[in-house]
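Work through these exercises with the structure open beside you. Try each task before you read its solution.

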Amino acid sequence: QSMLIYKDLGLEMARVRTQWILGQMLIKSGKIAEGLDRVGKSRSEFVLLGNNLDAGLAALDMVEACLASGRNAQAHSLCANLSDLFIAAGMTTNAMTAMAYLNEAVETKQATPRLVRHVRQFMEDFPQQPARLFAPPPVP
């Protein structure tokens, strides 16, 4: 219901963020397909609204969920153009290093949900810390 209120008030970004959060909650509760659908719609709507950073973060949420649920081919296809979203968001070399690392891990089937969370956190923090260098996560 809150999404309808946001739409009626012209608060599209808030509506899309709410949809994104609902999708994340569905994924965490085990409703993977339904959650991926909602997060995917959010990603697409963020792109239409010009919010490429959140679109990229939503896509990373999807990659994590796909890897955690054995949907490796879907995770691979999601990563194919993921860097483009972050480039469109103005991310620079340090952020692209993180994306290259993730893409290589997905390509070689070494990616894990933990790695995706690490890269996602780096990308989320990047606008406030653009000089920070990417480092792989510590070995558990």
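**Exercise 1: Two rings, one pair**

At 13% relative accessibility, F134 counts as buried. The model is a predicted one. Task: classify the pair formed by the rings of Y101 and F134, and say which parts of the chain the pair ties together.

Solution.
- Step 1. A pair of aromatic rings is described by the distance of the centres and the angle of the planes.
- Step 2. The ring centres of Y101 and F134 are 5.6 Å apart, and their planes stand at 55°.
- Step 3. Planes under 30 degrees apart count as stacked and over 60 as edge-to-face, so the rest are tilted. The pair of Y101 and F134 is therefore tilted.
- Step 4. Y101 sits in helix α7 (residues 93–107), and F134 sits in the segment after α8 (113–125). The pair therefore ties together parts that are 33 residues apart in sequence.
- Step 5. Y101 has a relative accessible area of 36%, so Y101 is partly exposed.
- Step 6. Y101 and F134 belong to one aromatic cluster with F122 and F126.

**Exercise 2: A second pair**

Task: count the aromatic pairs, then describe the one formed by W20 and F46.

Solution.
- Step 1. The count comes to 4 aromatic pairs.
- Step 2. In the pair of W20 and F46, the centres are 5.3 Å apart and the planes make an angle of 80°. This pair is edge-to-face.
- Step 3. W20 is in helix α2 (residues 12–28) and F46 is in helix α3. The two are 26 residues apart, and the pair links distant parts of the chain.
- Step 4. Both W20 and F46 are buried.

**Exercise 3: A loop residue**

Task: place N51 in the chain, and decide whether N51 is buried or exposed.

Solution.
- Step 1. N51 lies in the loop between α3 (32–48) and α4 (52–68).
- Step 2. The relative accessibility of N51 is 13%. Buried means under 20%, so N51 counts as buried.
- Step 3. Leave out residues up to four places away in sequence: N51 then touches M13, R17 and F46.

**Exercise 4: Two helices**

Task: describe how α4 and helix α5 (residues 72–79) cross, and which residues make the contact.

Solution.
- Step 1. The axes come within 7 Å and cross at roughly 160°.
- Step 2. Angles over 145 degrees count as roughly antiparallel, so α4 is roughly antiparallel to α5.
- Step 3. The crossing of α4 and α5 is left-handed.
- Step 4. From α4, the contact uses M62, V63, C66 and L67. From α5 come N72, Q74, A75, L78 and C79.
- Step 5. By class, this contact of α4 with α5 has 7 nonpolar, 2 polar and no charged residues.

Technical notes
Residues numbered from 1 in each chain as written. Predicted model: local features only at pLDDT ≥ 70, side-chain atom pairs only at ≥ 80, totals over all residues. Heavy atoms only, no water. Helix = DSSP H or I, 4+ residues; strand = E, 2+ residues; numbered from the N terminus. Buried < 20%, exposed > 50% of the residue type's maximum accessible area, 1.4 Å probe, protein only. Contact = heavy atoms within 4.5 Å. Phe/Tyr/Trp six-rings, centres within 6.5 Å; stacked < 30°, edge-to-face > 60°. Axes fitted to C-alpha atoms, helices over the stretch in contact; angles between N-to-C directions. Parallel < 35°, antiparallel > 145°, perpendicular 65-115°, else oblique. Left-handed = near helix turned anticlockwise from the far one by under 90°. Nonpolar A, V, L, I, M, F, W, Y, C, P; charged D, E, K, R; others polar.
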